[in-house]
Every structure is written in structure tokens, then in C-alpha cells.
Amino acid sequence: MLRLNDIVDRVQAARPGCDIELIHKAYVFTAKVHHGQLRQSGEPYLIHPLNVAFILANWNLDEETIVTGLLHDTVEDTVATVDEIRDLFGDTVAQMVDGVSKISRVVISDVADQKAESLRKMILAMGKDLRVVLVKLADRLHNMRTIGHLSRDKQVAVARETQDIYNPIASRLGMSRVKIEFEDRCFEVLHPEDYRELVRLADERKRDRESHVRSVVEMLEKKLAEAKVEAVVKGRSKHIAGMFQKMARQGIDFDHIYDFIGFRIIAKSVGECYEALGIVHSLWKPVPGRFKDYIAMPKPNLYQSLHTTVFGPNAELMEIQIRTEEMNAIAEYGVAAHWKYKEGRPVVGKGDQMFLWLRQILELQQEMKDPREFLNTVKVELFPEEVYVFTPRGDVKELPQGATTIDFAYAVHTEVGNTCVGAKINGKMVPLRTMLKNGDVVEIVTHPAHKPSKDWLKVAKTSRALNKIRVFVREEQQERSLALGKQMLERELRKHSLSMNKVLKSKEFEETLQEQRLKSPDDYCVALGYGKMSLLPLLRRLVPPEQLHEKVKDSRLGALIRRVTAAKPSAIIVKGMDDIFIRLGNCCHPVPGDPIIGFITRGRGVTIHAKDCPKALDNDPARAIDVAWEAGTKASHPVKLKVVCADKPGLLADISRTITASDVDIRRATVLTTRDKRAICNFEVSVNDAQHLAALIKSIEKLKNVFSVERGKG
Ligand code: MN
């Protein structure tokens, strides 16, 4: 078990001449007031404050912080009071203990507001003294280390809170050691199976990995020694959560084990860092564009290091960081490392870059009377990819950047989304497509009879809103198609004096269903209403041919069929259908040979898009239909071409000549010249098919001074 002396030894080593008496006194006090209390594990409660103090001692923090660590739960969980602590340990410690208690008291009322509200409390508490947050981080670290004793539900809740609130703070304060431990421990709780699997895989390849690390380290050490650069080389694999992120983000599988190992060179001086970099680049070829000099240009949280990626001994991508010892301490302990290298007062100091961000926030806190405004500023700093807006009642809603009022409406409630007709931002009516900005107060105007429109799909950003709109639109279309299909069927049958009820029960109808692979009469009517299918196959079964022709001619369907046969514009076979009106997508201009897909458009037949056309992906998949190009047809198809070339006289004429020489008509051409002496030519040409087009592109590409030829989209 951890003893007080372990803590005292640490503090004394880091800070000779500090007030050890104060630490002793705090220990005695906390042992007394926590006496008899037990942790979930059954151990004496005292173990927890001792461990928190030990973590703080390992971060080389001062005695006041360590005393606060020892006392941090006394006000919250025992009979001790802030006044008592002030009498015994002074004002600073009392204020810090009070601050930590206040953070601990944050009540989690509403899940959606939890992050914002806890953060606000935390930052307000930290306003007095940044060390409060360090104590809270140490507290959470020990709680995460001992999380196994909690119930499963509690574990998940604590891990989520750590991930949402403590991890971003650790990260912002540059405390990467803490951040990595939080990430791994949260990952273990929240994704236990993935965690175990990765640990197993990492163990399996341990020997390979270790021998690889050893050989790289030895090689580097040898070269550094030859160049008389004094440095320590370390190699280690990424932490488990980091491996998972890398696998997910870059799609690397675990067999590429070397990709998960990074190397670090800790040199004595900045000059030697650059020397070491030269040695690394002479040993292995650097990957272009991957070198970063954070020594010359430190990150906002004062992180400094050289980063490079080289092709390692197994041709794998090998990441190497090079920095001095002091830079390394700041990289690992961030704000906390500051106390070691800059003696003196740890309170947010003037002219101290490390605290620039914090200082700005604290000043804001004093200036801003409205807590919403303050909160919103802070949240933007911590989570730049999110937008925080408010309901008129002051509840916080968190949405991704670019979210619109429709996303907001659906974030409030599905019904609010489904019936929204307009929105007010900060009291002013705005269009529904308006993008939200941080701090906006958004009010949604609803009308019970209003329904979502398909156009909203272009406006919504969040998957929640998109899904709800899609479901609604699809259901509604289904309903409408059903009603329309029923009408069409009924009217057609009436013309032939057939009874709907009898037909639906007939053998002929059953056969038609089977042929069309439909399950029920409703499905049949929906397909009919969509225009996906014609009534003819059924009517042919029920009505003699000579009668059929005449009657059908007079129907709406007949009108459609007439139009279709008269205006068949191209050589597309629509699979499973004989006659249908066909149109080529205006956006993607598919030509024969391109992979294509068709969409039923009511009243307009079928529209054909290239399979990768963004418009095609927008369409309702329920309306998709298989289409294919008919073989061996020659027809001319319009295509757009974008040619980027040098802005040289005569070149445009050359290109035009090449196009016409390929037996291609130019329908239109525009040329734009850029400031860097390039010309962007947009041609609209007619080609027979994809092959014809490919040959044309090739011959233009061969021309001198042509940089690129692309098929135009949109
Ligand atoms: Mn605690």
C-alpha cells in the first residue's frame, strides 16, 4: 500500500525546501475525518486521497496542490468544513478544496446539457486557481484506475463523463500522458470486446515488435554516437485506443504492426535535435510532406517537437519525434510540467504563454454577465467542431458545424421537426436552411398540419434529422402511391366492367403478383402508383386483346405509353419493362458504356444517372430501377470536358483540332485564364460512347502544355 513517505520523498526530490510539515498535517487531518469510511473495493477510504496526492506529486506539483489532493473529498464526504480547512491550512488551500468540491457537486440533470453544464462549473471553479483542475484530473485518474469495483452501469457513466469532459480538458492543457490513460481506460470500459481483442493481438505480436524496436533503436543509437550527438532513443507501440483510432481512420489492419510503433529521440539541446533529424533522414528516406517543425513553431499549448515520417527498414511508415528533455516533459505533462521548469507562483500569470488561453477565458468570465455567452465561448475553444445553441428556455443543444434550424428542430423533438414551418434566430424570422452559429437562441415555429418536405433532405446536416425526414417522406410517398395505384386499378377495371374485389381474388391476379415478385395487393397498387409497373400484364390476362387495345388507348396509362413509344430518345434497355419514357440526367450526362442507374419519376418516366452521380445518391432508393445500355448503338451524347493547360497562344486551336480530328463535335467552349498563367477550357462535346470519350481524352492529354483533362461533373 502507498505510504505517506512515498509522497513526501517525491515532493522533496522535485522541490527541496518545501513545506513538508503542511503535508503531514493534511495527512493526519484527512486520516481522522475519513476514519471508518470504506471505498467500493472494501479498502479504507484514505487510500484514495493518498493516491490522488501521489499522482500530483508525480506531476511535480507544489505542496499546496498536494495538500489539496489529500483533502479534496473531506468537505464533500465528511464532517469537515471549508472554514475548518481555512483555519488549519490557510486561504489558498481552503479555496482550492472548495473549488474541487464544487466541481464534484455538479448535478447531472439532463443528459444533453450535462457536458455543457459540467464544463461551465468546472471552468468557473478553475477560475480561481488552475491547480483545482489538476487535482480534479488526478482524482478522476485514480477513480478510472479503480473503476473495476463499480457496477457496470456506473462504470459506463463514469467513462462517458471522462471521455466527454475530462479528456478534452487534459488535451487542451497539453497533458498527453493523462489523455492517453483516459482514452485507454474509457475504451476498455466502453468497448470491452474491441479492447480485449486488440490487447490479444498486440500480445501475440509482442516478440516481433520488440525485436523490431530493438533493431531500430540500436541503429539510431549507433549513428547518433558516431556523430557525437548525445541522445536517448525510445520506441513503443501506440496505446490501445490510439491503435483503434488509427485502424478505424486509416483502415490499417493489425498485420501492419510496425505502423503502430513510434520512435522518440530525446536530445540534450535544440541544435542536437536538428542534427538527429539529419541522421534520421540519412538513414531512411523521409516521406515528403510529413516533416513538421514544432520547435520553430510551437503549438498553442506550447508543445514543441520535430516530427518526421520515414520509410523504415521494412518499408513501413515510421514516425519519429525528436525533442529535448524539457520539451518532452511539456509534451507529456503539459500545464503541470510548468511547475517544474518555471519555479514560482502557479496561479495564472501575466505574460505566460502557456496560460494565454486560460487567461482569456477567465477574463471573459469576468466580462460576460450572461453565463450562456461565457459557456458558448469556452465550449467553442474545447470542441471546435461543434456548434452550441440555445432553446428559448436556455437549454443547450449541441450540433455539428453547419447544422441548420431543421437539425435543431429535430434535436428538440421529432414532432417539432416534422411540423416545423419556420424558425426564429435571436428573435428574427429566418429561412429554415439558415446555418446556426454559436450562441444563437433558436425558436422553432410549428403548425400541426405541416409535413416535412423532400427538399429538407438538402438542408439537414445531422443524421438524426436526415433519417427522420427520409422515413417520413418515404412513408408518405408510399401512402400516396398506394392511393393513386388503387384509383388507377379501379378505374381501369371499371372500364372493362370488372369488379375490383373479384379481380383481387382471381388466379390471374395471383399470377401477376408472382410474375412481378410482389407480395400483396397493396404492394401491387404501390408499385402501380409509383409508376414502377404497368397495368398491362394484368389486363392482358383478364381482357381479350382486341378489346384491350381500344380501351387502354383512352386511359391515362395509354397516354403515357403513346408518349413513350413516340419519344424513345436513346438506346437504353430498361430491364423488365418494354416501353417507358427515358431521360438522361442533366447533371452527369452519362454516355453508353458508363455504369448507370435509373429512377422512376412520376409523370416523367425514368431518369438515367451515372451510378456515381451525387444526384443519383440523393434519390429515393425505392424508386431505383435497373437499366442497361443497349449494345451496338451509335448516337451522339453530350459530355463536358475540362482541360487545364498552359496559357499559350495557339494551344486552344491545337486542342480544338484534336477534338474534331477524333470525329467529335464541339458544341460549346469557354476559356478562363488564371493568374498563374494557366488556362481552364470547358468544352461541351458530343461522343458516341465511353470508349470514344476515353480515346478523345487520351489524345488531348498527349498534347504539349496540357496539364490535365477531366470529364466535367454537374
Ligand atoms: Mn475523490
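In the predicted model, asparagine 705 is partly exposed, since its relative accessible area is 27%, a value that lies between the limits of 20% for buried and 50% for exposed. Asparagine 705 sits in the loop that runs between α32 (690-701) and β20 (706-711). Although asparagine 705 is not a glycine, its phi is positive, at about 70 degrees. Most residues other than glycine have a negative phi. Aspartate 663 likewise has a positive phi, of about 65 degrees, and is not a glycine. The position of aspartate 663 is in the loop between α31 (651-661) and β18 (665-673). With a relative accessibility of 66%, aspartate 663 counts as exposed, because the limit for that class is over 50%.

The chain has 714 residues, of which buried residues make up 47%. Its secondary structure comprises 32 helices and 20 strands. Of the contacts between residues at least 6 apart in sequence, 64% join residues at least 24 apart. No disulfides are present, as a search of the whole structure finds zero. Two cysteines may be noted for their burial: cysteine 186 is buried at 2% relative accessibility, and cysteine 273 is buried with a relative accessible area of 0%.

A manganese ion is part of the model, and its coordination is provided by His48 (NE2), His72 (NE2), Asp73 (OD) and Asp139 (OD), at 2.2 to 2.4 Å. Along the chain, the donors of the manganese ion are spaced as H-x23-H-D-x65-D. Two of these donors, histidine 48 and aspartate 73, are 25 residues apart and link distant parts of the chain. Histidine 48 belongs to helix α3 (residues 47-58), whereas aspartate 73 falls in the loop between α4 (63-71) and α5 (74-77). Histidine 48 counts as buried, with 1% relative accessibility. Aspartate 73 is also classed as buried, at 7% relative accessibility.

The packing of helices was examined for several pairs. Two packed helices are described by the angle between their axes and the distance between the axes. For helix α2 (residues 20-33) and α4, the axes come within 9 Å and cross at roughly 5 degrees. The two helices α2 and α4 are therefore roughly parallel to each other. On the α2 side, the contact involves Leu22, Ile23, Ala26, Tyr27, Phe29 and Thr30, which meet Glu63, Ile66, Val67, Leu70 and Leu71 in α4. By class, the residues of the contact of α2 with α4 are nine nonpolar, one polar and one charged.

Helix α11 (residues 176-190) and helix α12 (residues 192-204) have axes that come within 5 Å and cross at roughly 115 degrees. In this pair, Asp184, Phe187, Glu188, Val189 and Leu190 of α11 meet Pro192, Asp194, Tyr195 and Leu198 of α12. The residues of the contact of α11 with α12 comprise six nonpolar, no polar and three charged.

Helix α23 (residues 463-495) packs with helix α26 (residues 521-530) at an angle of about 95 degrees, and the axes are 6 Å apart. Helices α23 and α26 are therefore roughly perpendicular to each other. From α23 the contact draws on Gln477, Gln478, Ser481, Leu482, Leu484, Gly485, Lys486, Met488 and Leu489, and from α26 on Asp522, Tyr524, Cys525, Val526, Leu528, Gly529 and Tyr530. Nine nonpolar, five polar and two charged residues make up the contact of α23 with α26.

Proline 521 also lies in helix α26 and is partly exposed, at 33% relative accessibility. Its C-alpha atom is 9.8 Å from that of leucine 482, the two residues being 39 residues apart in sequence. When neighbours within four places in sequence are left aside, proline 521 is in contact with Leu504, Phe509 and Leu513.

Alanine 403 is located in the loop between β7 (396-400) and α20 (405-412). The relative accessible area of alanine 403 is 1%, so this residue is buried. Residues up to four places away in sequence not being counted, alanine 403 touches Thr434, Met435, Leu436 and Lys461. Between alanine 403 and lysine 461, which are 58 residues apart along the chain, the C-alpha separation is 5.3 Å.

Notes:
Residues numbered from 1 in each chain as written. Predicted model: local features only at pLDDT ≥ 70, side-chain atom pairs only at ≥ 80, totals over all residues. Heavy atoms only, no water. Donors = N, O, S within 2.8 Å, 3.2 Å for Na, K, Ca; no water. Helix = DSSP H or I, 4+ residues; strand = E, 2+ residues; numbered from the N terminus. Buried < 20%, exposed > 50% of the residue type's maximum accessible area, 1.4 Å probe, protein only. Axes fitted to C-alpha atoms, helices over the stretch in contact; angles between N-to-C directions. Parallel < 35°, antiparallel > 145°, perpendicular 65-115°, else oblique. Contact = heavy atoms within 4.5 Å. Nonpolar A, V, L, I, M, F, W, Y, C, P; charged D, E, K, R; others polar. Disulfide = S-S within 2.5 Å.
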